[in-house]
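Please look over the model below with the points of this note at hand. They take the chains one after another and then turn to a few local features of the backbone.

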Amino acid sequence: MVGIGASNLRERSETLITVENLTVEFPGPRGATVQAVSDVSFDVQAGETLGIVGESGCGKSTTAKAIIQMPEPTSGVVTYRDSDLTTLDKAELRRMRTDLQMIFQDPISALNPRRSVWDIIREGPEIWGTEDVWTEQRLVQLIESVGIDPQYRDRKPFQFSGGQCQRIGIARALALDPEVLICDEPVSALDVSVQAQILNLLDDLQTEHDLTMLFISHDLAVVRNVSDRVMVMYLGRIAEIGDADSIFDNPVHPYTTALLSAVPGSGVRDDGSLSGELPSPLDPPSGCRFHTRCSDATEVCATTVPEFTKFGADHWAACHHPQGTPVTLRDL
Amino acid sequence: MADTHEPVTELEAVDAPPPPSIAKQLGLGFWLSSGFVALVVVLALLAPVLPLADPNETAIGGRLEGPRSGLWFGADSTGRDVLSLTIWGSRISLLVGFIAILIGFAVGGTVGIAAGYFRGVFDKIVSFVFVTLLSFPALILAILITTLLGRTVAWVSVSIGILAIAPVGRLARAQTLVFAEREFVTAARLLGASDRRILLKEILPNVVIPMSALALLGMGIAIVAEGTLAFLAISVEDGLSWGRQIQDAGSSARNLQNGPHAALFPIGVLFLTVLSLNYAGDRIREVFDAKELQL
Amino acid sequence: MALLEVRDLAVTFSTANGPVYAVSDVSFSVERGAAIGIVGESGSGKSVTVKSLMNLLPSSAKIDGTATYDGLDVFNLEPSRRKHFYGVDVAMVFQNPMTSLNPVKRIGEQLTEGMRFHRKLSRGDATARAVELLDLVRIPDPAKRLRQYPHELSGGMRQRVVIAMALANDPALLIADEPTTALDVTVQRDILDLLDGLRRDLDMALVLITHDLGVVRDRTDDIVVMYGGRVMEGAPTEDLFANTVHPYTHALRSSIPNMSMPRGTRLSPIPGSPPDLAIAPTSCPFAPRCTHVTDACRTALPATKTLDSGASGHTYACVNPQLGEV
């Protein structure tokens, strides 16, 4: 396996999650197979925020959810703190998942309309019998820390705004003291004036609770704001991964460039914007999956899957014709 | 430009006044219809201690005598007290309606929710059984059960209850499917909730409201169904029920012409009871659906 | 004279829980062939404003004020003129293309329907025009697309089809309500560029409704910023960004992360929640969340003033305007 799983090449802190050759397939219409994620490898360092970006259907959300085995991957290994999550039995997985919590895109759908805020937030401690750790006083503090007035703890979700519901969802996830928080488009359903509140809140809570975050978003400006490292996905594969500044300032994969040029104010020039339609994940293109829309594509792109090449201390891309010079070991 | 560390609190933000109480939202109509149903139920329960004439005693009044003071609903063709007949008859009608719906919900509701939640092969089998049940001729099923097993309250209720299983089960399954997809179920699973806990705490409270509306509607339908069976003389043997009473009073065209009140009173009470049940069920559904829509 | 002139528009919904003041005192105008952006969050009244023009509001809505289109009183159209106004003069594109497309009808049928109804075109002529329209919105292989169903197209393609349908009768004014919100950034850019190009090529006025200031920045002549059902600030686009006056516009601009901010930049969120529209507007709706609030903001509605410096036509409704960087 190439590069990106090999965190030993980088001098960073402790690796918390390692994903190797992750593949997720779903049964599609008429016996076909949806290749949602194909042979994806990466790792997540403790305490960092890894942003995952790409167009809808690129598999960014599925990749993150496959880490917590929802859905269970078709093949591949997901290692979290020395245990392979794909081989755990149901009880072990249940226990392990409390470490890996998630917040959702639609804050309202994420809360049971029939339960009170208090019941929703207390659910985790109640399941695990940790009410003695999560005393009433501590839960009240938690509710306060996400910016909800505890005096409204008996209200139902519909009495709160979208932004407040997202805060409640965050508190629910934190009530199990997780290590990892998967944020699946956490602000895209919110009003612009509320997005910044939630982003700042997540930033504060990350420091306060020492969280490692996977931040999935289609909004590149938001990802740039929150991420230490970034992973750009296209049609179930990683196009480019590495240090956020390095990728946003010097993208080498034509897809990353195209994506960035679509954002107003990105400063990336649009050289041959994406042509054509996103191909179907039922029948993804051969070789480099991006070759059908890439203005730099040549014959080799259609036949051979590009390997990952290193373009910086922490910057990898899978492209036959990258817009940058690879780094060799001698450069290091 | 940006503050480095502004407080994230939003403590004063929840300032919307609490919505009007559920009781108020349900409206006067709901309480009137519930009140009527409650009255019918109480009268049915208290029938033995109420100062009523023996419903089986003939010649209490004259043949097809019209309503008058002391004989408020008049008398039927054998001179029995129609008021007493109606109140005593409500006992079997309500009981059969209640047990039938209980069976429908116990079996259909449980199986439907389980099918919608667990999906897979179990769901396929259950859905097939529901479709089969729905296409089975209802009347023939009822005749089979009552003639083979006996025309008792229990078997009449069972025969109607079986018919309730499929519609109830299909609604339960459909509702469960809707909520099982919602992210709060994913969240609960991530927190470590067991299937049992998810079904009880996350799914059931959401499914129970549309189901309770259906229960009220269904009870109305079951009472009418019992009436139909009684009319066909395959309901509870020798038992008094509204259906039986209507059949007795309405089977002869001449009796119907000379003393329509003997049939009209039980028909009216039956009609009002079923209407009230339907209306109450509808209001529950509307109020709680509207609350969903506010989300 | 402007093509569309809206004056003192107010829309009030009567609900079971009392009136909801969705839009109040809204005025703006659209010149022939010009593009304006109406920017606001949910509940700002931006969609209700255009829906009132398009006669798309439920009967519980009470509309006050005037809207004049090419000399016509939009709210009191003669029945004979209505059909022409809504089918030919003005067209609208919605956020979700599937609400405008019938899932069980082929694209071709849906495209030709309107033309055959409004222009009495023959089937052959209508089909030819449909191919022309799909070409106009840059859909490759239009003849093949006519035979397809909406579900066979991607989200971006569907929105292009919807735009083609809106263009069928050469409208002089196109209203696009969050046309790209549901789409990916790359597709969003293409659709916005398409709308911009079509406006220039067809000399059609465009009203672009969005929650995203970035979307309208490079593609409109004027911008109207709405909040709580009221216009906060309205100005020629360049001037709005160069000389932002209203604290809400400032807050909106600085609360959104942008690509030029270094990572980890602390954002300046707007505290609090959007306003409750059930309360009759008697003071500035932004006052409870405004960092520059004064006592006067809470007691009376701010009058609309014109900015003296900068380009002409820059108006704002604020008693404590903040000129320049805040």
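1. In this predicted model, 44% of the 295 residues of chain B are buried. The accessible surface of chain B amounts to about 14,400 Å², and carbon and sulfur atoms contribute 69% of that area.

2. The overall dimensions of chain B deserve a careful look, since a compact globule of 295 residues would have a radius of gyration near 19 Å, but chain B has 25 Å. The C-alpha trace of chain B extends over about 95 × 45 × 30 Å along its principal axes, and these three spans can be read next to the radius of gyration of 25 Å.

3. As to secondary structure, chain B holds 10 helices and zero strands, so that its pattern along the sequence reads α-α-α-α-α-α-α-α-α-α. Of the contacts in chain B with a separation of 6 or more, 72% are accounted for by residues 24 or more positions apart. The 20 positive and 23 negative charges of chain B have mean positions that are 7 Å apart.

4. Chain A has 10 helices and 12 strands. What radius of gyration would a compact globule of 332 residues have, and what does chain A have? The expected value is near 20 Å and chain A has 21 Å, which agrees. Its C-alpha trace spans about 65 × 50 × 45 Å along the principal axes.

5. Of the 332 residues in chain A, 59% are buried, and the accessible surface of chain A comes to about 12,400 Å², with 46% of it belonging to carbon and sulfur atoms. Where contacts in chain A join residues at least 6 apart in sequence, 65% of them join residues at least 24 apart. Chain A carries 27 positive and 48 negative side chains, and the centres of these two sets lie 5 Å apart.

6. Helix H9 of chain A, which runs over residues 254-261, is mostly covered, with eight of its eight residues buried. These buried residues are Pro254(A), Tyr255(A), Thr256(A), Thr257(A), Ala258(A), Leu259(A), Leu260(A) and Ser261(A). Which elements cover them? Within chain A, the cover includes strand E3 (49-53), helix H7 (220-226), strand E9 (229-234), strand E10 (237-243) and helix H8 (244-249), and H8 of chain C is also part of it.

7. That helix of chain C, H8 (residues 185-202), can be checked for its length: at 1.5 Å a residue, its 18 residues should span 26 Å, and the end C-alpha atoms are 25 Å apart, which agrees. Among the buried residues of H8(C) are Val185(C), Thr186(C), Gln188(C), Arg189(C), Ile191(C) and Leu192(C), and further along the helix the list also includes Leu194(C), Leu195(C), Asp196(C), Gly197(C), Leu198(C) and Arg199(C). Just after H8(C), Asp203(C) adopts a positive phi of about 50°.

8. Asp89(C) lies in helix H2 (residues 79-89) of chain C. Is Asp89(C) buried or exposed? Its relative accessibility is 10%, and because the cut-off for burial is under 20%, Asp89(C) counts as buried. Leaving aside residues up to four places away in sequence, Asp89(C) touches Tyr69(C), Arg81(C), His84(C), Pro171(C), Ala172(C) and Leu173(C).

9. A few backbone values should be inspected one by one, given that most residues other than glycine have a negative phi, and most peptide bonds are trans. The peptide bond from Met70(A) to Pro71(A) is cis, with omega near 10°, and Pro71(A) sits in the loop between helix H1 (60-67) and strand E4 (75-80) of chain A.

10. In chain C, Lys120(C) is not a glycine, yet its phi is positive, near 55°. Lys120(C) belongs to the loop between helix H4 (107-118) and helix H5 (123-136) of chain C, and at 63% relative accessibility Lys120(C) counts as exposed.

11. Asp170(C) likewise is not a glycine and has a positive phi of about 50°. Asp170(C) is placed in the loop between helix H7 (155-167) and strand E7 (173-177) of chain C, and with a relative accessibility of 46% Asp170(C) counts as partly exposed.

Conventions: Residues are numbered from 1 along each chain as its sequence is written. Chains are lettered from A and ligands numbered from 1 in the order in which they are written. This is a predicted model: local features need pLDDT of at least 70, side-chain atom pairs count only at pLDDT 80 or more; totals for chains, interfaces and linings use all residues. Side-chain values use heavy atoms; hydrogens and water are left out. Helices (H or I, at least four residues) and strands (E, at least two) are DSSP runs, numbered from the N terminus. The radius of gyration is taken over C-alpha atoms; the globule rule is 2.2 Å times the number of residues to the power 0.38. Buried means under 20% relative accessible area, exposed over 50%, partly exposed in between (1.4 Å probe, protein chains only). Contact means heavy atoms within 4.5 Å. Accessible areas come from the Shrake-Rupley method with a 1.4 Å probe; for residues, only the protein chains shown count as cover. Lys and Arg count as positive and Asp and Glu as negative; His and the chain ends are not counted. The place of a charge is taken as NZ of Lys, CZ of Arg, CG of Asp or CD of Glu. The expected span of a helix is 1.5 Å times one less than its number of residues.
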